[in-house]
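Hi,

Here is the structure we talked about. Please look through it, then read the notes below.

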Amino acid sequence: MTDGYMFDIPSVPALRIAGDERLFPVRRIFCVGRNYAEHAAEMGGEVDPEAPFYFTKSAFSLCSGGAEISYPSGTENCHYEMEFVVAIGGKLEEPAASGAMNAVFGYGCGIDLTRRDLQSDAKEKRRPWDLGKDFENSAVVGPLTPARGFGEIANQRITLRHNGEVVQNAALSDMVWPVPEIMAHLSGFYRLMPGDMIMTGTPAGVGPIRRGSVLEGAIDGLEPVLLKIKQ
């Protein structure tokens, strides 16, 4: 036993911070679905004009950029989805877009790995997406850049290279729901706290990874996120 617990407590999932020796501890991971119109269309859906919608990943699905991982288990059709990540560093006192950005610590490049076959099967059966979205190493995130070093969210390019080929290429301004509105809406359902993280959705161009795949994600002004899949 360790300090009264039955077994050793896992270390806290955490991310590196650019230019800082400290780590950012991750508490919860919220993910926005269908936040780029072209991606919604390529998946056979459309954007909900009323409000964003979400799914979640466990903090223990976190994988630091630069890792080399095995091909995910239980699937033969795992997809990459490049995303802009928002890291919360303060309490969001009220659900209002006007003050939401005061709670932001920083930003990062992220890759949402998705077991697409399992997600599609769940959709057809009108079941939750958990098996398709929440699994080990499915939230891949590079080092965080503090908000003051990034500036305003505007037309920065968000891209992903798969084995050197650009497969996703868009602008952050293409997001249907901007970050302040996402935070304000989400805070009406959860009390957003330091350590919470939001993956804000993926542009068009998602596709399958293979054993041996090399993924390079980039957003202007941020440290890139890298991932290798073992042969």
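How many bridges join strand β7 to β16, and in which sense do the two run? There are 2 bridges, and β7 (residues 78-80) runs antiparallel to β16. Strands here are DSSP runs (E, at least two residues), and helices are DSSP runs as well (H or I, at least four), numbered from the N terminus. Two strands count as paired if DSSP finds at least two bridges between them.

Some ground rules. This is a predicted model, where local features need pLDDT of at least 70 and side-chain atom pairs count only at pLDDT 80 or more, while totals for chains, interfaces and linings use all residues. Residues are numbered from 1 along each chain as its sequence is written, and side-chain values use heavy atoms, with hydrogens and water left out.

**The sheet around β7**

β7 belongs to an open sheet of 3 strands, in the order β10-β7-β16, with antiparallel pairing. The edges are β10 (114-115) and β16 (207-208). Each has a single partner strand, so one side of each lacks a neighbour in the sheet. Within the β7-β16 pair, Tyr80 stands opposite Gly207.

Just before β7 comes the loop from β6, and Thr75 is in that loop. Thr75 is buried, at 4% relative accessibility (buried is under 20% relative accessible area, exposed over 50%, partly exposed in between, with a 1.4 Å probe and protein chains only). Its side chain makes a polar contact with the side chain of Asp117, at 2.7 Å. A polar contact is a pair of N or O atoms within 3.5 Å; within protein, one must be able to donate a hydrogen and the other to accept it, and residues adjacent in sequence count only if both atoms are side-chain atoms.

**The five-stranded sheet**

Another open sheet has 5 strands, ordered β6-β18-β17-β13-β14, with mixed pairing. β6 (67-69) and β14 (165-171) are its edges. Each of them has a single partner strand, so one side of each is left without a neighbour. On average, neighbouring strands of this sheet are turned by 15° against each other, direction ignored (axes are lines fitted to C-alpha atoms, for helices over the stretch in contact, and angles run from 0 to 180 degrees between N-to-C directions).

Strand by strand:

- β13 and β14 pair antiparallel over 6 bridges, and Leu160 stands opposite Gln168 in β14.
- β13 and β14 form a hairpin with 2 residues between them, and Asn163 in the turn has a positive phi of about 50°.
- β13 and β17 pair antiparallel over 5 bridges, with His162 opposite Leu215 in β17.
- β17 (residues 214-219) and β18 (residues 225-229) run antiparallel and are joined by 4 bridges. Val214 stands opposite Lys228 in β18.

In a regular strand the side chains alternate between the two faces of the sheet. In β13 (residues 157-162), Ile158, Leu160 and His162 make up the covered face. Arg157, Thr159 and Arg161 are on the uncovered one.

**Aromatic rings**

The whole structure holds 7 aromatic pairs. Rings of Phe, Tyr and Trp (its six-membered ring) pair if their centres lie within 6.5 Å; planes under 30 degrees apart are stacked, over 60 edge-to-face, and the rest tilted. Phe55 and Trp129 are one tilted pair, with centres 5.7 Å apart and planes at 45°. The two are 74 residues apart: Phe55 is in β4 (residues 53-57), and Trp129 is in the loop between α3 (116-124) and α4 (130-133). Phe55 is buried, with a relative accessible area of 11%. Ring pairs also bring in Phe53, giving a cluster of Phe53, Phe55 and Trp129.

Tyr107 and Phe150 are also a tilted pair, at 5.1 Å centre to centre and 55° between the planes. Tyr107 is in β9 (residues 104-112) and Phe150 in α5 (residues 147-150), so the pair ties together parts that are 43 residues apart in sequence. Both residues are buried.

Two charges sit over rings (NZ of Lys or CZ of Arg within 6 Å of the ring centre and within 35 degrees of the ring normal). Lys57 sits over Phe135, 5.7 Å from the ring centre. Arg211 lies over the face of Tyr71, at 4.3 Å.

**Cysteines**

The count is 0 disulfides, taking sulfur atoms within 2.5 Å as the rule. Cys31 has its closest cysteine sulfur in Cys78, 14 Å away, which is too far for a bond. Cys31 is buried, at 1%.

Best wishes
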